[in-house]
Amino acid sequence: MPKSAQYVLGLGLLCLISSTVWSAHRSLADSPETNLQIHTDRPVGQVSANIYGQFLEHILHSVNGGLWGELIVNRSFEEMLPPHHADGRESSASKSAADLPSQQEGGDSSPLHRWEIVGNAQVTLDSELPLNGSRCARIITPGSGGGVAQNNLCIRRNDALRGSLWARGTANDGLLVRLCVGQSILAEQKLPAPGAPWSEIPVVLTPTESVDNATLQILTTGKAEFWLDQVSLMADSCRATGGFRPDLLQAIADLKPTTIRWPGGNFASGYHWKNGIGPQAKRVGKGSPDDMDPLALGLDEFMTLCRLVHASPVICVPLGHRDNSQLADYLQEAVDELEYCNGAPDSNWGKVRVANGHPEPYRVKYWEIDNELNLTSMKPEAYLQAVDSFATALRKRDPEIVIVGCGGGGTTMQADHGWALHMLDENLKSWDYFSIHHYENYSRGPIAPDVSKFKTGPPKFEAHISELRNAISKSTNPNLTLYLSEWNYMSTDWRTGLYAAGILNVLERNSDVVPMSCPALFLRQSSATSWDNALINFDNRTWYPAPNYVVMKLYRDHYYATRLTLEGDFGPLNAVATISDDRGEICVKAVNPSEDATKVNLEIGPQTPRHANLELIAPDSLSARNTLDDPRAVRPLVQEAHVNGNTVSFIMPRWSVAVIQVD
């Protein structure tokens with residue numbers, strides 16, 4: 001069974017706490033006590049399910065080389081990054097099959113990033129007449145043949161790989177595509193010789209073995225001069241899920257995200273949605289800090305993702321240069337995108353959507369105007385003008401949409417050179433949401449971890465929310481609400497789990513003013529060298545959940561909409577109580593970020609508790625983490641809490657997160 005399946009099964013069954021862990025905590029019965037009272041007849045507010053949203057940005061191979069099921073990276077030869085860049089596709093030598101050994105030990109002399117040269121081929125990047133984009137590969141072989149190869153492909157026996165390559169030129173003996181490992185050929189297909197114009201040649205390869213590091217070769221066995229572009233292979237298992245890698249799609253679905261924000265982040269700036277629709281061969285890629293994304297996952301594919309995981313899309317649209325000199329062009333692009341998404345089938349862009357195979361409107365509700373402009377050279381006055389222009393034009397096409405504007409970051413009203421404070425002093429009547437970001441322990445240089453911020457950060461952020469709540473009440477738009485559209489702690493050890501639990505408790509208590517949120521990063525190639533804080537971390541074979549994923553899934557699984565009065569001396573705990581509207585089940589989510597254990601006594605009334613179930617995450621180390629080899633080191637363990645009359649009692653060890661369900 002794959003490790004990802006083991007994890008999903010393990011969280012589904014939630015194995016009993018081991019005797020070793022239990023014996024380690026037996027002495028905790030003598031711990032100090034925390035006494036809290038839950039009043040089941042005193043609801044104090046509603047908890048918005050939209051605080052459990054997610055955010056998908058095309059960065060660190062979250063999409064290209066990750067979630068999207070395409071096996072080939074740099075499929076159109078547009079990437080120009082150094083071979084040592086972390087991308088999960090190591091630049092080790094391709095082990096060629098049969099009589100065509102690789103001549104490029106290490107692959108560094110190949111001009112094609114992530115590709116290697118096989119045999120006696122001469123390979124160059126060519127900007128003359130590429131299929132799309134600005135480059136293609138030119139391959140010249142003598143009579144002994146040769147070609148190019150890409151390695152580290154994860155393939156599974158009888159899971160057919162289907163796709164195509166685009167070629168032009170001459171090849172006396174035609175072309176040959178192979179899947180191989182070492183000297184063994186796992187699949188092979190003879191292709192016809194290309195002609196003078198570009199033509200798409202279908203490819204179907206069915207592996208005879210399961211291999212984590214197979215190599216794809218594109219060869220000629222004779223003399224040839226031909227050009228390649230848009231090489232694509234996708235396993236049938238990915239096609240069956242709409243084009244997504246099944247294990248990563250399931251990891252997303254298991255979080256039950258209510259919303260997904262897309263396409264960024266910084267990737268949203270300069271993103272042209274029209275480059276990501278229609279046939280792949282006509283799509284023009286976009287660069288990000290770590291790769292050239294071919295936009296195989298574009299607008300329609302993103303909508304498919306949202307449909308598959310039952311999430312509402314949040315689309316972030318760019319507004320161009322920071323002085324509004326491009327405002328008219330970007331405004332028209334946003335209006336066209338809205339019509340493509342929400343327009344009737346007979347509207348101008350609705351017709352294009354229908355032609356692309358999507359007759360029904362997507363009915364996208366949430367539209368965010370660019371990203372983190374508080375950190376750019378843009379003046380607040382220019383941004384206010386831009387939002388008003390976008391809001392007016394977009395609402396003219398669809399008056400039901402919700403407009404999100406950039407509100408700033410930090411945990412003080414003075415952060416970002418006063419951006420947030422300035423915005424709330426202005427006319428925000430065209431805004432529905434005020435988008436804020438907050439990363440704990442973030443540094444633009446090397447990160448020097450402050451191990452205390454997982455504990456001090458959540459209460460400090462809750463104080464910031466109180467500041468914003470007060471400022472909004474005095475603003476021109478007192479109905480404005482907050483969208484915490486990026487948040488996280490900068491690590492993937494247990495500190496990020498404790499921090500996530502603390503922030504989610506803050507959001508459950510304050511979702512009247514913060515009804516939407518999503519952490520970042522969402523997905524990350526595990527070999528990347530930056531932004532090590534993602535919920536879902538993967539290589540070409542499998543994935544593991546970081547502690548923030550483990551906590552968020554546990555919390556989302558126990559989401560109830562009505563918050564109850566919770567009183568008492570909380571001591572070190574950060575806790576919130578909710579109740580289900582249909583069954584009357586009570587849920588308490590508690591975090592103990594301190595170094596000391598505590599015995600918790602929950603006095604419940606007037607409803608009388610009958611049974612209590614405790615799910616506890618307590619790895620007893622701040623450095624505890626999950627890995628590709630051990631994806632379940634940090635996980636919830638189940639134990640029955642003690643019920644005595646109206647009181648439920650249990651132990652919270654140091655550095656622990658607990659969810660207590662009472663019926």
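These legends cover the whole chain and three close-up views of a predicted model.

Residues are numbered from 1 along each chain as its sequence is written. Local features need pLDDT of at least 70, side-chain atom pairs count only at pLDDT 80 or more, totals for chains, interfaces and linings use all residues, and side-chain values use heavy atoms, without hydrogens and water.

**Figure 1. The whole chain, with 13 helices and 33 strands.** Helices (H or I, at least four residues) and strands (E, at least two) are DSSP runs, numbered from the N terminus. Of the 663 residues, 62% are buried; that is, under 20% relative accessible area, with exposed over 50% and partly exposed in between (1.4 Å probe, protein chains only). Among contacts (heavy atoms within 4.5 Å) between residues at least 6 apart in sequence, 76% join residues at least 24 apart. The chain exposes about 24900 Å², and carbon and sulfur atoms supply 50% of this area. Areas follow the Shrake-Rupley method with a 1.4 Å probe; for residues, only the protein chains shown count as cover.

**Figure 2. Close-up of the second largest cavity, holding about 70 Å³ of space.** The structure has six cavities of 30 Å³ or more. A cavity is a set of points, on a 1 Å grid over the protein atoms alone, where a 1.4 Å probe fits but cannot get out; lining residues have an atom within 4 Å of a point. Grid points are joined across faces, edges and corners, and a volume is the space filled by probe spheres set on the points. Strand S16 (312-317) and helix H7 (327-342) each supply at least two lining residues. H7 gives the most, with four. The lining includes Trp 273, Cys 316, Tyr 330 and Glu 333. By class, the lining has eight nonpolar, no polar and two charged residues. Here Ala, Val, Leu, Ile, Met, Phe, Trp, Tyr, Cys and Pro count as nonpolar, Asp, Glu, Lys and Arg as charged, and the others, Gly among them, as polar.

**Figure 3. Close-up of Ser 594, in the loop between strand S27 (586-592) and strand S28 (598-605).** Ser 594 counts as buried because its relative accessibility is 12%. Its side chain makes a polar contact of 2.7 Å with that of Asn 592. Such a contact is a pair of N or O atoms within 3.5 Å; within protein, one must be able to donate a hydrogen and the other to accept it, and residues adjacent in sequence count only if both atoms are side-chain atoms. Leaving aside neighbours within four places in sequence, Ser 594 touches Pro 572, Arg 654 and Trp 655.

**Figure 4. Close-up of helix H13 (residues 547-557), which is mostly covered.** Buried residues number 10 of its 11. Among them are Tyr 549, Met 552, Lys 553 and Arg 556.

Methods. 1 Å grid on protein atoms, 1.4 Å probe; cavity = no way out; pocket = protein on both sides within 12 Å on 5 of 7 lines; lining within 4 Å.
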